[in-house]
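This report looks at salt bridges and pockets in the structure shown below.

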Amino acid sequence: MNNLFPIFLKLEELHTLIVGGGNVGLEKLEAVLRNSPKAKITLIAPEIKNEIKELAQSYNLTLVFEKYDCKHLDAIDIVIAGTDDKAVNQQIQQDCKTRKILVNIADTPDLCDFYLSSVVVKDDLKIAISTNGKSPTFAKRFREVLEEILPDTLQETLDNLQTIRNKLKGDFQEKVQKLNEITKVMRGE
C-alpha cells in the first residue's frame, strides 16, 4: 500500500541543495529545472559535469566545487543527494534529519523523506506518478502512456473551468456542486 502524501512544492520560494555533480546529480537537476525552472538551487560537488556548468548559465543555479560538509545545509530547505559514495549519502541524510530538512537520497528509498515522481505535464495540468519507490521504470512508462492519450486541448478546458469558477456565486459547497455537475461529462455521464 502506498502511504505517500502527494504534494507540489513551490521551489522558487525555497532553496534547494543538490549534492553530486555527476550523472545522477545532472539527472536530478534536470528533473527539478523541468518542473520548476525558477527554482533557487545550489549544487555541491568537488567535480561537476560540463552539462551542469552550462545549465548554471541559464538558471538560478550556484555551483560550489567542494566536498559535502554539513555547513552547506545552512539556509537550505530541501536536499537531493546523488553522490557515488554511500557514506557521504548517509551523512547527508543524518545531517538533514538533525536539522529537520527533507532529503532525497537517489536510489536509496530507506534514506528518503520523499521521492521524485515521474511527472506528466500538459500546460497547467501536472500529474505526479509514484510507485512507492518500487519501480521508477514503470512510472516512466506510465507517464509516457498518459502523455500520449491526454489531449492537447486540456489547457482550453482548464481555462474555461477557471472562468466558470471565478463567476460562480455562493459558498464553497455550492461552487463545488456546480463544478461537479459541469465536469460530469468527463466521466461519460
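Is E27 buried, exposed or partly exposed? At 46% relative accessibility, E27 counts as partly exposed, where buried means under 20% relative accessible area, exposed means over 50%, and partly exposed lies in between (1.4 Å probe, protein chains only).

The model is a predicted one, in which local features need pLDDT of at least 70 and side-chain atom pairs count only at pLDDT 80 or more, whereas totals for chains, interfaces and linings use all residues. Residues are numbered from 1 along each chain as its sequence is written, and side-chain values use heavy atoms, with hydrogens and water left out.

**Salt bridges**

A salt bridge is taken as a side-chain nitrogen of Lys or Arg within 4 Å of a carboxyl oxygen of Asp or Glu, and by this rule the count comes to eight. Three of them are set out here.

| Pair | Closest N to O |
|---|---|
| K28 and E27 | 3.9 Å |
| E66 and K71 | 3.8 Å |
| R143 and E147 | 3.1 Å |

In the pair with E27, K28 is buried, with a relative accessible area of 14%. Both partners of the bridge between E66 and K71 are partly exposed, E66 at 33% relative accessibility and K71 at 48%. R143 is buried at 18%, while its partner E147 is partly exposed at 30%; these two residues stand four apart in helix α4 (residues 136-149), and are therefore separated by about one helical turn. Helices (H or I, at least four residues) and strands (E, at least two) are DSSP runs, numbered from the N terminus.

**Pockets**

A pocket is an open set of points, on a 1 Å grid over the protein atoms alone, where a 1.4 Å probe fits, with protein on both sides within 12 Å along at least five of seven lines; lining residues have an atom within 4 Å of a point. The largest pocket holds about 1,700 Å³ of space, and 49 residues line it, with Y115, L116, S117, S118 and V119 nearest its centre. Among the elements that each supply at least two lining residues are β6 (118-122), β7 (125-129) and α4, but the largest share, seven residues, comes from α1.

In the second largest pocket there is about 390 Å³ of space. Of its 23 lining residues, G20, G82, T83, D84 and D85 are the closest to its centre. Two or more residues of this lining come from each of α1 and α3 (86-99), and α3 gives the most, with three.

Technical notes
Grid points are joined across faces, edges and corners, and a volume is the space filled by probe spheres set on the points.
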